[in-house]
Amino acid sequence: MDNILTIVGMQKSFGKSLLYSLPMFLISFMFLTGGRPDFSNPASGIALMVVFLFVNLLYFLMHYTGKTDRFRAVLFIIFALSLSYTLIHNMLEVRKSMSFNQADILECKIPFCHLVIPMMLLPAAFTKSIIFPGSIIGGFANISAMVVLWLGATLVLGRGFCSWGCFYGGWDDGFSRVRKRRAIKQISDLWKWMPFAVLLMVMLTAALSLTPTYCSWICPFKAVTEFEQVTSVESATKAGIFLSLFGGLVVVLPVMTRKRTQCSFLCPLGAISSLSNKITPFTVKIDKTACTECYKCVEVCPLFALSKEGIKEGEVSLFCSKCGKCIDACPKKAIHYGIRGIPAGTMKNFSRNLFLFVSFLFMAVFSSGPIINTLQGVLKLIF
Ligand code: SF4
Ligand code: SF4
C-alpha cells in the first residue's frame, strides 16, 4: 500500500512539475527560435534543440526535486565556460589573437562587458562622456541593449544578477564546488565590504583619468577572455595582476574555502547589485518560528550573506545573490524565497515559483546563445 501511495505521489508531482514547466518551455522556445526553428544548417539546428531541451530539463528538475542551487549552478557554470570560449573564438577570428594593443583600446575594439558599467557612471555624469564603451565583436548584443538588460535584471533580481545573470560568476561558483570540505574554515567576513572600496576607487580613477582602470589593471577575467600584449614592464605588470587575481580569487581561494571569493571580495558590480537588493521585489526570508538555529545555511552560503546574529534576528543581508544554496540545505525549510511585503513563512511556493520563472528565464535566454555557439564548435570538431 505504501509503495502504491509513493508511486501515485510521484506521478502527481511529475505532472505538477510538468505543468509548471510548460510556460518556460513555450517562452524559451519562442525566444530561441523566433517560433520557427531553422534546420537548414544541421549543426546549428541540432545544437539549438539540444540546448533548448537541456535548459528546460534543468528547469523541470528544479520543480520536480524542489532543489534550486544544483540545477542553477549547472547552467550558470556552463554559461561562464561557453561565454569565454565564444569570446576567445570570435577574437581569434576577428583579430587573429587573444591579445589586444593600445590601438585596439583607443578604437574601442575590446568587447563590452557589464563589469565596465561602474567605470561609466562618474565620467558620464560629470564630463558627459562615456569612456571605453567597447565594441561588438562577433555580433554580440549591442552596448545599450546590454546596459538595459543589466539594469532591468538588477532592478528585478537585485544581487540575484550575480547568480542568475553574470557571465563570469560561474567561474568561481564552479571552483567553489570542487572540494567537498573546506580546507580553510576561518575567513573574516569583513572582506565582503571590499567591493565597495573597489567600486569607489574604480569610479574615481576612471573619472579622473578617463581610462578604463578596472579593465586595464584589475579584472581577473582578462585571463580567460582577452589580454593586453606584453610589450613593456607596464603591460607585464598588468598581465601579472590579472593572472594572480584569477589564480587567487577565482581558482585557489574558492577551492579552499568553498566561497565565491572573487564575487565577495573584489567585484565592483557586485557592490552595486548588493545595494539594489534593498529595493527589489524578490528576497530571501527566514521564518523564525520554524528555524532551529542549526546554522547549516550560514555554513553553506558562498557569499557571506548570512551570520548567526542575522539568523537570530531573521535577517538575510544585502549580499545575498538568491542562489538558493541555503534554501536547499535548510532541514526545516525555514529559509525560503519571498516577495517583499509578504510575511516570512507564508506563500512560500508561490514566491519560489514566481522567482524561479523570472530568474531562470533571464538566465536561459541570456546563456543559450553562447552555449549553442560552443556546442556548434564542438559538433564541427567531431563531424
Ligand atoms: S538552516 Fe534553516 S533551521 Fe538551520 S539556522 Fe538556517 S534557517 Fe534556521
Ligand atoms: S543567503 Fe542563501 S540564497 Fe543568499 S547568497 Fe547565501 S546561500 Fe545564496
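The domain bounds used here come from an automatic or database domain assignment. On that basis, the protein chain of this predicted model divides into domain 1 (1-96 + 367-383), domain 2 (98-278) and domain 3 (282-346). The C-alpha centres of domain 1 and domain 2 are 26 Å apart. Where these two meet, 16 residues of domain 1 are in contact with 17 residues of domain 2. On the domain 1 side of that meeting, the residues divide into 12 nonpolar, 2 polar and 2 charged.

Let us start with helix α2. This helix covers residues 42-65, and its 24 residues reach 34 Å from the first C-alpha to the last, close to the 34 Å expected at 1.5 Å a residue. Which residues of α2 are buried? They are A47, L48, V51, F52, V55, L58, Y59, M62 and H63. Just after α2 comes G66, with a positive phi of about 80 degrees.

Next, have a look at helix α5, residues 117-127, where P118, M119, M120 and P123 are buried. The partners that these buried residues pack against are α9, α10 and α13 (268-276). As with α2, a positive phi follows the helix: K128, just after α5, takes a value of about 60 degrees.

Two of those packing partners, α9 (194-209) and α10 (213-218), are joined by a loop that holds L210. Most residues other than glycine have a negative phi. L210 is not a glycine, yet its phi is positive, at about 50 degrees. Is L210 buried or partly exposed? A residue needs 20 or more other C-beta atoms within 10 Å to count as buried, and 12 or fewer to count as exposed. L210 has 16, so it is partly exposed.

The loop between α7 (161-164) and α8 (169-175) is the place to find G165. G165 counts as buried because 23 other C-beta atoms lie within 10 Å. Its contacts, leaving aside neighbours within four places in sequence, are A153, L157, F362, M363 and F366. From G165 to T154 there are 11 residues in sequence, and 9.2 Å in space, C-alpha to C-alpha.

F227 makes a useful companion to this, and its place is in strand β2 (residues 227-228). Here there are 18 C-beta neighbours inside 10 Å, so F227 counts as partly exposed. Not counting residues up to four places away in sequence, F227 touches M98, S99, K222, A239 and F242. F227 and K238 are 11 residues apart in sequence, with 9.0 Å between their C-alpha atoms.

Now follow the chain to strands β3 and β4. Strand β3 takes in residues 282-286, and 5 of its 5 residues are buried. In a regular strand the side chains alternate between the two faces of the sheet. In β3, F282, V284 and I286 point one way while T283 and K285 point the other way, and all are buried. The partner of β3 is strand β4 (residues 335-339), and the two pair in the antiparallel sense over 5 bridges. Which residue in β4 does T283 stand opposite? T283 faces G338, and K285 has H336 as its bridge partner. β4 is mostly covered as well, with 4 of its 5 residues buried.

Leading into β4 is a loop that starts from α16 (325-329) and contains K333. K333 is another residue other than glycine with a positive phi, near 55 degrees. With 13 C-beta neighbours inside 10 Å, K333 counts as partly exposed.

Finally, turn to the two ligands. Around ligand 1 there are 14 residues, and C291, C294, K296, C297 and C330 are the closest. The shell of ligand 1 divides into 10 nonpolar, 1 polar and 3 charged residues. Ligand 2 has 13 residues around it, of which C301, C320, C323, K325 and C326 come nearest. For ligand 2 the division of the shell is 9 nonpolar, 2 polar and 2 charged. When reading these figures, keep in mind that cysteine is counted among the nonpolar residues and lysine among the charged ones.

Notes:
Residues are numbered from 1 along each chain as its sequence is written. Chains are lettered from A and ligands numbered from 1 in the order in which they are written. This is a predicted model: local features need pLDDT of at least 70, side-chain atom pairs count only at pLDDT 80 or more; totals for chains, interfaces and linings use all residues. Two strands pair if DSSP finds at least two bridges between them. A residue is near a molecule or strand if its C-beta atom, placed from the backbone, lies within 6 Å of it. The expected span of a helix is 1.5 Å times one less than its number of residues. Two residues are in contact if their C-beta atoms, placed from the backbone, lie within 7 Å.
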